[in-house]
Amino acid sequence: MKPLPKRATFVLSLLALLCASACNRTPAPAPAQDAAGSPPPAEQASAPAPQGASQAGFDIASVPLSNATLGAFPYLGMPAGYHQEGAADSQFERVPFWTGDRLEWVEGRVHGARVVADDGHAFSQLELARNMQALIASLGGQQIFSGRIPAAGIDGIQASKAAVDRVDALGDIYNEDAEVYVIRRQDRNIWIHIAGSGNSAGLLIAETKPLDVTAKALPADELKKSIETTGRVAIQVQFDTDQANILPASKPQLEQVVTLLNENTGLHLSINGHTDNTGDAQHNLQLSQRRAAAVRDFIITAGIDEKRLESRGFGDTQPIADNSSEEGKARNRRVELVKS
């Protein structure tokens, strides 16, 4: 047989090498595993839902009742090396807590502060968290959430007055983790929120209790007298904090307004809403408009001709007291009947 040309021999040799390489190719390596045999984070299944969150949603009845001795509100002392700055309490306020599946708006007594390290003591979020976990557990509390609050919760908080009034107590919830606890008692529930904020932490505590309504309804004849004398009168109407929902305690006062209009069929009123100066001015304006409209709707539903009523909101532009005090703010948050 005649020998193959050198070029043909080279081609056959190259084909043989490629075949051998393909036939003996080493399989791709398996994903790396850590010491415990788990795949790297990118390969792991999605993380389990936070404690307290489930398909049915958080139910406070699932938290065991606590009978531990609590001491005085706000119940939690600081661990060695830490103290609170800017602590502020209120007797009745509405503040948010993330349960793992929703925001729970808690109404009642509220304490808020910024937790910082003492001079000479380095701040450690982990040290603070471990101490607070142990303390709350000793009081019969249970952690219901730990982690980063999702966008849905952040948006709800950011749209509320709490984002302004309790900014230090909320901590840096936009960039750091938060922990939420509940101490469930026979007569009340105590909610606790702790969140990192750089070299400090936010601490928010709320104790549920019913609103102690001390305002008294003005009778129809007093409403009429004030309108005839000054052309206006402020009425006692309570709403959910930062909302336009009229609380049931306001019904006696609004019934007196209906009586006034039924007894004075030629009377036309403008229902004017006002707020204090806490928070964004545009938000306050819209809130006052919605509250005034809610009062108007209540009166119309009671049988008064809608043509006799209008509603207007003025936000915080017409204060009647100094907004620097809680008493002044309470006076500025009002609904007025103005003769039109």
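Leaving aside neighbours within four places in sequence, V338 is in contact with G231, R232, H268, L269, S270 and N272. V338 belongs to strand β10 and is buried, with a relative accessible area of 13%. One of these contacts can be given as a distance: the C-alpha atoms of V338 and L269 are separated by 5.5 Å, although the two residues are 69 apart along the chain. The model described here is a predicted one.

**The chain as a whole**

The protein chain has nine helices and 10 strands. Of its 340 residues, 40% count as buried. The accessible surface comes to about 18,800 Å², and carbon and sulfur atoms account for 51% of that area. Among contacts between residues at least 6 apart in sequence, 71% join residues at least 24 apart.

**Helix α7**

Strand β10 appears again in the surroundings of helix α7, whose buried residues pack against α6 (220-230), β7 (232-235), β8 (269-274), α8 (281-301), β9 (309-313) and β10 (334-339). Helix α7 covers residues 251-263; at 1.5 Å a residue its 13 residues should span 18 Å, and the end C-alpha atoms are 18 Å apart, which agrees. Which residues of α7 are buried? They are Q253, L254, V257, V258, L260 and L261. Seen down the axis of α7, these buried residues fall within an arc of 155°, so they line one face of the helix. The general background is that an α-helix has 3.6 residues a turn, so residues three or four places apart point the same way.

**Helix α2**

Helix α2 runs over residues 125-138 and can be treated in the same manner. Its 14 residues should span 20 Å at 1.5 Å a residue, and the distance between its end C-alpha atoms, 20 Å, agrees with this. L128, A129, M132 and I136 are the buried residues of α2. Viewed down the helix axis they fall within an arc of 95°, so they line one face of α2. The cover over these buried residues includes β1, β2 (103-117), β4 (178-184), β5 and β6 (201-208). After α2 comes G140, whose phi is positive, near 85°.

On the other side of α2 in sequence, the loop between β2 and α2 holds D119. Is D119 buried or exposed? D119 is exposed, with a relative accessible area of 82%. D119 and G81 are 38 residues apart in sequence, and their C-alpha atoms are 8.1 Å apart in space.

**An aromatic cluster**

Strands β1 and β5, both listed in the cover of α2, also carry aromatic residues that pair with each other. A search of the whole structure finds four aromatic pairs. Two of them are described here.

| Pair | Centre to centre | Angle between planes | Type |
|---|---|---|---|
| F58 and W191 | 6.1 Å | 75° | edge-to-face |
| F97 and W191 | 5.6 Å | 40° | tilted |

The pair of F58 and W191 links distant parts of the chain: F58 is in the loop between α1 (6-23) and β1 (82-98), W191 is in strand β5 (residues 189-196), and 133 residues separate them. Its planes stand at 75°, so the pair is edge-to-face. F58 is buried, with a relative accessible area of 7%, and W191 is buried as well, with a value of 3%.

The pair of F97 and W191 also links distant parts of the chain, with F97 in strand β1 and W191 in strand β5, 94 residues apart. Both F97 and W191 are buried. Through these ring pairs F58, F97 and W191 are linked into a cluster.

**S160 and its loop**

S160 sits in the loop between α3 (151-158) and α4 (162-165). How much of S160 is accessible, and is the residue buried or exposed? S160 is buried, with a relative accessible area of 10%. A polar atom of the S160 side chain lies 2.7 Å from the backbone oxygen of I157. Apart from neighbours within four places in sequence, S160 is in contact with W105 and D242.

Definitions and conventions:
Residues are numbered from 1 along each chain as its sequence is written. This is a predicted model: local features need pLDDT of at least 70, side-chain atom pairs count only at pLDDT 80 or more; totals for chains, interfaces and linings use all residues. Side-chain values use heavy atoms; hydrogens and water are left out. Helices (H or I, at least four residues) and strands (E, at least two) are DSSP runs, numbered from the N terminus. Buried means under 20% relative accessible area, exposed over 50%, partly exposed in between (1.4 Å probe, protein chains only). Contact means heavy atoms within 4.5 Å. Accessible areas come from the Shrake-Rupley method with a 1.4 Å probe; for residues, only the protein chains shown count as cover. The expected span of a helix is 1.5 Å times one less than its number of residues. The arc is that of the directions from the helix axis to the C-beta atoms. Rings of Phe, Tyr and Trp (its six-membered ring) pair if their centres lie within 6.5 Å; planes under 30 degrees apart count as stacked, over 60 as edge-to-face and the rest as tilted. A polar contact is a pair of N or O atoms within 3.5 Å; within protein, one must be able to donate a hydrogen and the other to accept it, and residues adjacent in sequence count only if both atoms are side-chain atoms.
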